[in-house]
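Biologist: I am new to this structure and would like to learn how to read it, one feature after another. Could we put it in front of us and begin with its overall layout?

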Amino acid sequence: MQQTPAQQITILGSTGSIGTSTLDVVARHPEKFKVVALTANSQVELLFKQCRQFRPRYAVLLDEASAAQLRSLVREAGLGTEVLTGVTALEQVAALPEVDAVMAAIVGAAGLRPTLAAAHAGKKILLANKETLVMAGNVFMDAVRASGSALLPIDSEHNAIFQALPRGYDGNLAANGVRRILLTASGGPFRNTPLSELMSVTPEQACAHPNWVMGRKISVDSASMMNKGLEVIEAHWLFNAGADDIQVVVHPQSVIHSLVEYVDGSVLAQLGNPDMRTPIAYGLAYPERIDSGVAALDLFKVATMNFVAPDFARFPCLALAYQALRAAGTAPAVLNAANEVAVAAFLDKQISFLSIPRVIETVLDALPVSVVGCLDDVLVADAEARCTAQRQIQQLAK
Ligand code: NAD
Ligand code: MG
């Protein structure tokens, strides 16, 4: 019998939480996956270690000085990996002719251009970078459709929904008998924190997620529930669902990763331990199932599952995201940019946790919503929102 050739993969953001989990799955199946390119922002040591283990043809570091360091390490070790630098190099390795699949796992708006390059090149895209869809949903989905890219959601909730929808789902909920999508949320570390204490929570407390180990930005987003807000917008684009078709359900155990409710009363869910290697393995091997290294779910240990409605007063970021989705056009890009700036300022201890939604709301109110016709419209809105957010943060710091 003829062996299927190994899938050639680029991993954008290979040193991050999703990137390292992806390499963990890849390492379990060397006959199925071959790494062509690895990329990171500036983490020389970890990227060098990954180059030694996976022998990619290309390694990209955004930061030039870090790239020079990696280049000499790679040369000394005789690895034969070509080290590139800059945003254009990220786009290049996402679109290489020999690449079959691209894991889009850069955090934030920085992931947009390379992920879009993968879409234009018709690659199979494993989408972890939800910000791409939040910022430029119509531009990205148009590129996916035009090139015939296969788009596999890696965000655990969207991966669960993808699994619970009919195979080959065509973007029409009603025609497929779907009543609504139930998007689960853990509620993060501050679900039960007295409101009076939220003013003074630290970045360390915000990053200590009860169920998932993740990068710092998404950890803060989970604590404010902006992450769920971004995921509502992500679900809108992935599944062609309106704001009213998506119900957020707080489920603190994070065992059910999301559900699809059908008109006949059936509700299909995907369950598993909270470990991103499950959706990553699903995306990598789709439509096959492969070992991901994740332990079997022990329902007796889980024992109880709870569900509550989201508290919009405690988590104003979630309300702001619904508002931006309904406003459409550039509003989600503005929301995303203001959030990135506010989260960075919180992590940098310039503003309090409760100032994050305040900054975002001020920016959303200050900037008029315009139509998104092309990528430039998104980039202009993103830049304006960042400037406005910075000004607002400086005022708060006074
Ligand atoms: P992370 O911070 O752990 O890793 C980010 C990666 O992106 C790193 O490799 C970093 O070097 C790279 N990077 C950062 N800034 C960059 C820049 N300006 N240019 C190029 N590369 C840059 O983040 P993460 O937790 O792995 O999340 C990655 C993405 O996946 C995010 O969009 C997040 O929302 C999404 N996601 C993550 C999880 C999770 O469990 N971690 C779950 C669902 C979705
Ligand atoms: Mg998620």
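Modeller: A useful start is to ask how far apart the parts of a chain lie, and here the C-alpha centres of domain 2 and domain 3 are 23 Å apart. Please keep in mind that this is a predicted model. The domain assignment gives domain 1 (7-153), domain 2 (166-273 + 296-315) and domain 3 (328-398).

Biologist: How many residues of domain 2 and of domain 3 are in contact with one another?

Modeller: On the side of domain 2 there are 18 such residues, and they meet 14 residues of domain 3.

Biologist: Let us turn to the ligand. Which domains supply the shell around ligand 1?

Modeller: Both domain 1 (7-153) and domain 2 (166-273 + 296-315) contribute, each with at least three residues. Among the helices, H1 (17-28) and H6 (130-147) each give at least two residues to this shell. There are 24 residues around ligand 1, and those that come nearest are Thr15, Ser17, Ile18, Asn41 and Glu131. By residue type, the shell divides into twelve nonpolar, nine polar and three charged residues.

Biologist: Which polar atoms should I look for around the oxygen atoms of ligand 1?

Modeller: It helps to separate backbone from side chain. From the backbone, a polar atom of Gly215 is 2.9 Å from an oxygen atom of ligand 1, and an N or O atom of Gly13 lies 3.3 Å from an oxygen atom of the ligand. From a side chain, an N or O atom of Gln43 is 3.0 Å from an oxygen atom of ligand 1. On its own, ligand 1 has 830 Å² of accessible area, and the protein covers 89% of that.

Biologist: How should I read a loop, for instance the one between strand E9 (246-250) and strand E10 (256-262)?

Modeller: One can take its residues in turn and ask how much of each is accessible. His251 lies in this loop, and it counts as buried because its relative accessibility is 1%. Leaving aside neighbours within four places in sequence, His251 is in contact with Thr184, Ala185, Ser186, Ile256, Met305, Asn306 and Phe307.

Biologist: Is Ser254, in the same loop between E9 and E10, buried or exposed?

Modeller: Ser254 counts as buried, because its relative accessibility is 6%. Its side chain joins that of Asn211 in a polar contact of 2.6 Å. Beyond residues up to four places away in sequence, Ser254 touches Ser186, Asn211, Trp212, Gly272 and Pro274.

Biologist: Where is Tyr322 found, and what does its side chain reach?

Modeller: Tyr322 belongs to helix H14 (residues 316-327), and its side chain reaches the backbone oxygen of Ile246 at 2.7 Å. Sequence distance and spatial distance are worth reading together: Tyr322 and Ala243 are 79 residues apart in sequence, while their C-alpha atoms are 6.8 Å apart in space. With 8% relative accessibility, Tyr322 counts as buried. Its contacts beyond four places in sequence include Val232, Gln247 and Phe312.

Biologist: Why is helix H10 (residues 216-224) described as largely enclosed by the rest of the structure?

Modeller: The description follows from a count, because seven of the nine residues of H10 are buried. These are Lys217, Ser219, Val220, Asp221, Ser222, Ala223 and Ser224. The buried residues of H10 pack against H6, helix H9 (203-207), helix H11 (226-239), H14, helix H15 (331-347) and helix H16 (355-366). Just after H10, Met225 takes a positive phi of about 65°.

Key. Residues numbered from 1 in each chain as written. Chains lettered and ligands numbered in written order. Predicted model: local features only at pLDDT ≥ 70, side-chain atom pairs only at ≥ 80, totals over all residues. Heavy atoms only, no water. Buried < 20%, exposed > 50% of the residue type's maximum accessible area, 1.4 Å probe, protein only. Polar contact = N/O pair within 3.5 Å; in protein donor to acceptor, adjacent residues only side chain to side chain. Contact = heavy atoms within 4.5 Å. Near = heavy atom within 4 Å. Areas by Shrake-Rupley, 256 points an atom, 1.4 Å probe, with all protein chains shown as cover. Helix = DSSP H or I, 4+ residues; strand = E, 2+ residues; numbered from the N terminus. Nonpolar A, V, L, I, M, F, W, Y, C, P; charged D, E, K, R; others polar. Domains from an automatic or database assignment.
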